[in-house]
Amino acid sequence: MEVMLYLAAIIAAIAFVVLVIYVIITLKAAKGTMGEVSTTLKGLETQIQGVTTETTELLNKTNELADDMNKKSSKLNSLFDGAKGVGDSVKGFNEALNNLSESISRTSKGDQEKAAEAVKWGATIFDFVSKRNSKKK
């Protein structure tokens with residue numbers, strides 16, 4: 001029975017050694033995997049820093065562009081306000097010209113009637129003077 005006990009102890013010792021060897025192999029594989037994960041994470045961290053820097057620069061340029069657009073937009077607003085003022089002035093000038101034209105038209109109608117009446121009076125006076133001169137002769 002002692003031999004069986006020794007044999008069982010030897011088998012248990014061999015099983016323990018095999019188990020330890022498999023644990024060591026597994027731990028070495030896990031160590032390699034963890035090393036690769038660490039390398040990947042370091043590369044990812046570098047890439048994220050690059051992306052963060054580029055994103056910050058892009059944001060700054062976008063803000064500058066928005067400020068520039070706002071400045072140019074307010075200049076355009078001033079330009080449109082000026083153009084509106086010119087349009088209003090031209091409209092007022094056109095209205096004044098129309099009023100002047102209507103006034104001249106009304107005045108000329110009244111003057112035409114007076115001129116026609118004056119021509120009639122002139123013709124009548126001329127006829128009268130002509131008749132009188134012809135009677136004197």
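## Asp 68 and its salt bridge

Asp 68 counts as partly exposed in this predicted model, its relative accessibility being 31%. That value falls in the partly exposed class because the class lies between the limits of 20% for buried and 50% for exposed residues.

The side chain of Asp 68 forms a salt bridge with that of Lys 72, with an N to O distance of 3.2 Å. The partner, Lys 72, is likewise partly exposed, at a relative accessible area of 47%. Asp 68 and Lys 72 are four residues apart in helix H1, so about one helical turn separates them. Under the criterion applied, the count of salt bridges comes to one.

## Helix H1 and Ala 83

Helix H1 spans residues 2–136, and Ala 83 lies within this helix. With a relative accessible area of 45%, Ala 83 is partly exposed.

A pair of positions gives a sense of distance along the chain. Ala 83 and Thr 46 are separated by 37 residues in sequence, and their C-alpha atoms are 55 Å apart in space.

## Nonpolar surface patch

A nonpolar patch of about 810 Å² is present on the surface. Its contributors are Tyr 6, Ile 10, Ile 14, Val 17, Val 18, Ile 21, Tyr 22 and Ile 25. Of these patch residues, Ile 14 is placed in helix H1, the helix that also holds Ala 83 and the pair Asp 68 and Lys 72.

Notes. Residues numbered from 1 in each chain as written. Predicted model: local features only at pLDDT ≥ 70, side-chain atom pairs only at ≥ 80, totals over all residues. Heavy atoms only, no water. Helix = DSSP H or I, 4+ residues; strand = E, 2+ residues; numbered from the N terminus. Buried < 20%, exposed > 50% of the residue type's maximum accessible area, 1.4 Å probe, protein only. Salt bridge = Lys/Arg side-chain N within 4 Å of Asp/Glu carboxyl O. Patch = residues over 30% accessible without salt bridge, like charges linked within 9 Å, V, L, I, M, F, W, Y side chains within 5 Å. Areas by Shrake-Rupley, 256 points an atom, 1.4 Å probe, with all protein chains shown as cover.
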